Each structure stands twice: as structure tokens, then as C-alpha cells.
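Please look over the sequence and the model shown here, and then follow the paragraphs below, which lead from one part of the structure to another.

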Amino acid sequence: MESESITELMAVLILQLGIIFFAVRFFGSFVKKLGIPQVLGELAAGIIIGPYALGAVKLPGFPHGIFPLETASIAVSTELYAFATVASIILLFVSGLETNIKLFLRYSFAGSVISTGGVAASFVAGALAGMVVFNASFMDPRCLFLGTLITANSLGIVARLLSDQKKMDTPEGVTILAASVFDDVLSIIVLAIVLGIISVVTGAAQSAANLAPQILLIAGKVFGIWLGFVFLGLLLSKKIAAFLKMFKNTIVFSVLALGIAMILAGIFEKHGLAMIIGAYIAGLSLSKTDIAPVIHERIKGIYEFFVPVFFAVMGMMVNIRHIADPGVLAFGAVFTGAAIFAKLIGCGSPALLFGFNLKGALRIGLGMAPRGEMTLIIAGIGIIIGVLDQQTFAVLVLLILLTTLVVPPFLNLMLKLSGSGTRKPVKNEDIESMTWDFQSSVVADLVVNKIFADLRDEGFYVQVMNFDKGFCQARKDDISINIRENEDAVTIETGKTDMPFVKTVVYEVIVELYETIQKLKDSSDPQKLKKDLIDADGRTSVNLLSCIHPDCILINMKGETKEEIITELVDMLDAQGKIMYRDMVLLDVIERENTMSTGMSHGIAMPHAKTDGVEEFAVAVGIKKEGMEFGAIDGEKSRLFILAVSPKKMTGPHIQFLAAISALLRESVLREEIINAETPQAAAELLHSRNKKSG
């Protein structure tokens with residue numbers, strides 16, 4: 001019976017996880033298209049499918065719903081919460097791994113003071129709000145936890161805005177980034193201290209005189225443990241990395257690095273500290289090692305698997321009826337206002353002492369105001385130890401939603417205002433920008449990757465911003481360089497005095513790549529390679545050629561030149577609404593054709609290109625029975641033309657299609673039947689019917 005019970009539990013857990021994966025991806029992608037952070041979509045997914053909403057709907061085999069309500073404190077099953085706990089460890093390990101230690105130590109004196117002011121003001125504001133709502137003392141665990149919850153900001157949201165407005169390298173931008181790093185660290189330290197204080201306050205009844213020394217002792221102990229482990233981790237980081245490298249395989253040592261984070265998380269939890277503190281320290285310790293980017297890349301799949309589950313489970317703990325409660329809405333609005341005001345005052349006031357004017361101070365205060373992932377993680381801890389109830393948790397969800405949706409537009413407006421944010425001009429405001437247009441996204445990718453490598457060799461710390469694809473920062477001492485790749489072009493911004501260095505780097509990169517490409521030209525002959533492209537044994541499938549439609553087949557083509565043939569095919573796709581920008585598609589296809597002819601053998605030509613002129617893969621087929629000169633490798637006239645176009649950034653079967661159609665048309669009987677087809681429908685049927693036989 002016990003075995004059957006366990007089997008049943010596991011079956012339900014697997015089903016729940018499968019539903020969660022689909023829900024978080026759907027809602028995450030949906031809100032992302034609306035310009036809303038993906039994490040909010042994942043949180044909303046949990047609310048909608050959770051035990052307080054659709055999860056409680058009775059279904060055959062599930063009398064209490066697929067996600068039944070378990071307990072008042074933890075709405076989900078222990079098994080599902082265990083997955084969320086593992087996910088929180090992975091999330092904090094990666095956060096520690098991504099922490100820029102050099103920025104943390106070298107560039108952030110002003111940021112550290114500003115962050116400390118914001119954390120202190122937020123903690124006091126949150127605790128005072130708790131005193132009013134709960135009618136309790138400042139040292140009440142609920143008040144302490146409310147204060148802790150709003151100490152950390154959401155770096156991802158703000159960094160995206162700074163990047164979009166090209167303010168990442170301004171004094172305000174650098175200060176916000178530096179302060180945000182400290183915010184995460186300080187919030188974890190505050191959490192550790194508060195957990196220690198709560199353990200004393202909730203212990204045996206004691207007099208206030210005896211309680212105060214114990215609280216100071218536990219706070220000092222926790223702070224000492226935190227600093228001690230961080231110091232040891234950073235001191236031994238290279239030895240830890242060397243130990244992991246002994247396993248050779250990058251996947252193996254990356255997983256073992258995560259294992260170290262879990263071991264440390266377990267040790268911290270056993271000693272009365274939160275697991276996430278140990279996980280963060282593990283990531284922080286490895287962040288400055290050379291294997292940090294390797295670990296980050298190798299555990300990306302594990303991160304994408306687990307972390308959305310965490311946010312969904314957090315959403316499941318929200319009773320949707322509580323959110324609609326007038327009292328919760330009122331408290332949420334007031335609490336959110338207090339949280340924003342605390343950062344404006346706590347961060348903006350110290351900024352005035354570091355040379356910022358009122359405009360710059362407001363930008364910094366607003367930049368530190370959004371709350372996100374860290375608030376949810378700490379709230380989850382509060383739920384599990386019984387400090388927070390469902391109503392308070394709903395208030396926190398409202399806080400995250402409101403600060404994430406309301407603050408960015410105001411920050412965006414402040415960033416767009418002209419004028420300096422500092423009282424005196426600074427070097428970084430004297431920015432110079434240069435753009436290199438390589439007329440090829442492939443070449444641009446090669447150049448950017450080589451620039452990254454050369455800058456790292458020069459001792460720069462290069463940080464690729466994953467929230468804004470194609471943008472990165474490089475820093476060394478007081479030199480700051482912004483690099484942005486936009487399709488075919490690369491734009492670099494830096495101080496005027498540093499631009500000569502940047503020009504030299506780009507020049508050396510281009511020279512090296514030019515020599516490399518020249519060697520490639522000397523060692524390879526594309527014309528010889530093209531002869532092997534048509535392979536009778538090539539793979540075809542029904543799906544690959546199903547994109548050929550009769551309304552995109554032209555039986556009697558009129559063109560007498562390459563350009564005319566390609567124009568006819570592009571115009572046919574345009575007439576059928578298959579492309580967005582006709583001229584762009586035509587230009588890109590002709591440009592690809594001019595690079596090297598797509599005339600194959602046996603009367604076949606396959607002009608093609610990747611272009612920004614289409615949103616999805618599209619195919620046009622043209623037939624010219626008498627044929628025309630298209631530069632075929634066998635010297636024969638081309639009679640059957642297949643045009644294929646797809647988006648530049650598309651991950652799809654562009655090359656697979658070209659290989660499949662080549663293999664299919666190698667059969668001479670089929671080729672002649674298609675060329676002599678009397679109607680577009682007949683030609684399409686020949687391709688599809690023969691394709692099914694091949695597939």
C-alpha cells in the first residue's frame with residue numbers, strides 16, 4: 001500500500017510539473033511581448049493554475065483538483081515545494097555567480113553608501129508599516145520581515161531601461177548598477193540577521209533588558225558568519241576552481257559547482273540561516289574565477305528548468321480572493337508608496353552628497369525602487385517559517401506588480417530629460433560614439449566576439465547583458481566601454497580620451513579577421529563544394545516541403561535575366577502577403593546571388609537569403625520551360641527556380657529545406673514532370689505526393 005501511495009504521489013507530481021512548464025512558458029512569453037518582465041508572467045501563471053483558482057477545479061480522477069489546497073501556510077504539496085526550494089538555491093547561486101566583484105569592490109563606494117541608505121530607509125519604512133497594520137512593536141517578527149522584504153531592488157528591470165535609453169554608462173547608470181549589487185548583498189545580510197533575531201524573540205519569554213544583548217549577539221554572530229564565509233570563499237576560490245577542473249569535463253564540474261552551493265545551503269539552514277545565503281556565497285566565491293562563465297553556460301538548462309517552477313509555486317500561494325480584498329488593496333497601495341518613497345529618500349539623499357543634482361538623485365532613487373525576485377524569495381521563507389500569512393503575501397505580490405509596472409515609465413521619463421544629473425561635468429559624460437557597418441550580421445558577430453576576447457586579454461571585465469541581447473559593457477579602472485551589435489553594424493561608445501584605444505582594438509580585430517578570411521579563401525573552393533550539394537540520398541520530410549503552396553508557384557516565367565527571375569518570384573510572395581518589405585527581400589536575395597550563383601545542376605536554381613523583410617519562412621517556385629542562363633555549375637540553362645527566404649534571426653529549417661528540395665529534385669522523372677506541369681496545383685501535388693513517399 002505504501003508503495004502504491006508513493007507511486008500515486010509521484011504520478012501527480014510529474015503531472016503538476018508538466019502543467020507548470022507549459023503555463024509559465026505561455027504566460028511568460030505573453031507578458032514579455034507586452035513589454036512586461038517575464039517573471040511577472042510566471043508568477044501570474046502560478047496564481048491562475050494554483051489551488052485558489054483553476055487548480056481546485058474538480059476533474060475526473062482529481063476530486064480536489066490537480067493542484068489541491070494542502071495547508072493554509074503552504075498551499076502546495078511538500079513535493080512541489082521541494083522543487084521550488086531547489087529552484088531558489090539555483091537562482092541565488094546564479095545571482096552570486098553573475099555578481100561583478102570588480103564592480104562591487106572597485107567602482108562602488110558611492111553605490112555602497114547609496115545602497116546602505118536605501119536599504120536602511122526601506123527596512124524602517126516596512127517595519128513601521130507593519131507596526132501600524134499589525135498594531136505591534138517594531139521588534140515583532142512580522143514587522144521585521146516586512147522591513148526585510150523591501151530592502152532589495154530589481155536590477156534586471158532597471159538595467160533594461162538604462163540600456164534602452166543608452167544611459168548605462170552615465171554617472172547615474174553606473175551608480176545604480178553598483179548600488180544594486182550591494183542591495184542584493186545587504187538584503188541577504190539583513191535577512192540573516194533578522195532570522196537570528198526572530199529565533200531569539202520567539203524563544204522563551206525574557207525581559208527586555210536580557211533580550212537586547214542577545215539580539216546584538218546574534219546579529220553580530222550572523223554578520224560575522226556571513227563575512228567569514230565570503231572571505232574564505234573568495235580567498236579559496238582559485239583552489240576550489242582548480243579542484244573542479246580536475247574533473248576535466250565542463251558539464252561535470254559545473255554540476256559539481258552547483259553541488260557545492262547545495263551543500264553550503266544545507267549547512268547554513270542547519271545553523272539557523274536561510275539556504276539561499278549559502279547558495280549566494282557559493283556563487284559569489286566562484287564569480288571571479290575563470291570557470292565562472294563556463295559554469296553559468298553549462299547549468300543554463302538546469303536554471304531554465306527549475307527557476308520558473310519557483311515563481312509559479314510562489315504564485316500558487318497567492319489567494320486571488322485576498323488580492324481583490326479592499327483591505328489588501330489599500331494596504332498594498334500604501335505599502336508600495338512607502339517602499340518607493342523609502343528608496344527615493346534613502347538613495348536620493350546620499351546621492352546629493354556625491355556630486356549629483358536633484359535630477360540625478362531622483363533618477364537614482366527611481367532606479368532603485370522596483371522590487372522583484374529577491375522579494376519573492378524572502379517572502380517564501382516568511383511563509384514557510386510562519387511569519388507571513390496569506391493576506392500579507394498578497395500585499396507583497398501587489399508591491400512587486402505595482403513597482404514593476406508603475407516605476408519604469410517615470411524612470412524612463414526622467415532619463416529622457418535633457419541635462420546633466422551631476423553638479424559638475426564628469427569624464428563619462430564626454431561620450432563619443434562610432435559605428436562600423438560590416439554589411440553582414442555574420443561578420444558583425446565575428447568582430448564583436450573577437451573584440452570581447454581582445455578586451456579580456458587587456459584586463460577588461462566584459463559583461464554581456466542578457467536582458468538586452470547584443471549589448472555589453474567592458475570596464476577597467478576608469479575606462480568604460482559600451483558595445484552594441486545591431487544586425488550588420490557595431491556601435492561602440494566610450495569617453496573621448498578612450499576612443500583612440502577603441503579604434504586601435506577594432507583595427508587590429510579587422511586586420512586579423514581579414515587575414516583569417518583570406519586564408520579561408522585560399523584553402524577552400526566553394527564551386528567545388530557546390531557540386532556535392534545535390535545528394536540523391538538526402539533526407540526529406542512532409543513537414544519540410546509542406547510550405548510550398550500552389551498560389552506561390554508560377555508556371556510560365558517571363559524573366560530573361562537573374563534579376564528579372566528573382567523579382568518575379570519576390571513579387572509573387574509579396575502579392576500573397578508572405579513578406580513585409582518587398583524591396584528589402586529583393587535586395588537581400590540579389591546580394592546573396594551576386595556573392596555566388598545559386599544555379600545548381602540539372603536545370604535547377606535555388607536563389608535564397610536570410611532577410612529582415614519577412615517574419616517567417618516563405619517559398620516561391622517558378623518554371624521557365626525554355627530555360628535561361630543562371631550560372632549553373634554544369635553549364636546548362638536553368639528551368640526550375642526555387643526561392644527560399646527566412647528571417648535573419650529565425651531558428652528554423654532554412655538550410656534543411658534547401659537540402660531536402662535538392663535531394664528530391666535529383667530524380668529526373670519527377671523534375672521533368674514538375675517542369676512540364678500545366679497548372680500550379682499539379683506542380684504542388686507532384687512535390688507533395690513524391691515527398692510523402694520519400695518521407
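**A walk through the predicted model**

Leu256 is partly exposed, with a relative accessible area of 34%, and this residue belongs to helix α11, which runs over residues 250-270. Together with Phe243, Met246, Phe247 and Val252, Leu256 makes up a nonpolar surface patch of about 470 Å². Patches of this kind take in residues with over 30% relative accessible area, so Leu256, at 34%, passes that cut-off. The model in which this patch is found is a predicted one, and the values given here should be read with that in mind.

It helps to step back to the whole chain before going further inside. The protein has 695 residues, of which 50% count as buried, and its secondary structure comes to 28 helices and ten strands. About 32,100 Å² of the protein is exposed, and carbon and sulfur atoms supply 62% of that area. When contacts between residues at least 6 apart in sequence are considered, 73% of them join residues at least 24 apart.

In soluble globular proteins, nonpolar side chains tend to be buried together. In this model the largest nonpolar core has 106 residues, and the residues with the most contacts inside this core are Phe93 and Phe145. Helix α3, spanning residues 78-98, gives the largest share of this core, with eleven residues. If neighbours within four places in sequence are left aside, Phe93 is in contact with Ala257, Leu258 and Ala261, with Ala279, Ala282, Gly283 and Leu286, and also with Ile295 and Ile299. A second core, separate from that one, has 28 residues, including Ile555, Phe617, Ile642 and Ala683.

Which residues does Thr148 touch, not counting those up to four places away in sequence? They are Phe123, Ser187, Val190, Leu191, Val194 and Ile378. Thr148 itself is found in helix α6, residues 141-149, and is buried, with a relative accessible area of 0%. Another buried position is Ile176, at 1% relative accessibility, whose place is in helix α8, residues 171-201. Although Ile176 and Cys347 are 171 residues apart along the chain, their C-alpha atoms are separated by 9.5 Å. Cys347 is likewise a buried residue, its relative accessible area being 0%, and Cys143 is also buried, with a value of 0%. The structure holds zero disulfides, so neither Cys347 nor Cys143 has its sulfur atom within 2.5 Å of another cysteine sulfur.

The charged side chains offer another view of how parts of the chain are joined. Side chains of opposite charge can pair when their charged atoms come close. A search of the whole structure finds eleven salt bridges, among them one in which the side chains of Glu593 and Lys562 meet at 3.2 Å, N to O. Glu593 lies in helix α25 (residues 582-595) and Lys562 in helix α24 (residues 562-575), so this pair ties together parts that are 31 residues apart in sequence. At 4% relative accessibility Glu593 counts as buried, whereas Lys562 is partly exposed, with a relative accessible area of 23%.

Helices α25 and α24 are also linked by Arg582 and Asp571, which are eleven residues apart. The side chains of Arg582 and Asp571 meet in a salt bridge of 2.8 Å, N to O. Here Arg582 is partly exposed, with a relative accessible area of 26%, and Asp571 is partly exposed as well, with a value of 32%.

A further salt bridge is formed by Glu626 with Lys624, and the closest N and O atoms of this pair are 3.1 Å apart. Are the two partners buried or exposed? Glu626 is exposed, with a relative accessible area of 54%, while Lys624 is buried, with a relative accessible area of 2%. Elsewhere, Lys450, Asp454 and Glu512 are linked in a network of salt bridges.

How values were computed
Residues are numbered from 1 along each chain as its sequence is written. This is a predicted model: local features need pLDDT of at least 70, side-chain atom pairs count only at pLDDT 80 or more; totals for chains, interfaces and linings use all residues. Side-chain values use heavy atoms; hydrogens and water are left out. Patches are made of residues with over 30% relative accessible area and no salt bridge: like charges are joined within 9 Å, nonpolar side chains (Val, Leu, Ile, Met, Phe, Trp, Tyr) within 5 Å. Accessible areas come from the Shrake-Rupley method with a 1.4 Å probe; for residues, only the protein chains shown count as cover. A salt bridge is a side-chain nitrogen of Lys or Arg within 4 Å of a carboxyl oxygen of Asp or Glu. Helices (H or I, at least four residues) and strands (E, at least two) are DSSP runs, numbered from the N terminus. Buried means under 20% relative accessible area, exposed over 50%, partly exposed in between (1.4 Å probe, protein chains only). A nonpolar core is a set of buried Ala, Val, Leu, Ile, Met, Phe, Trp, Tyr and Cys residues joined through side-chain atoms within 4.5 Å. Contact means heavy atoms within 4.5 Å.
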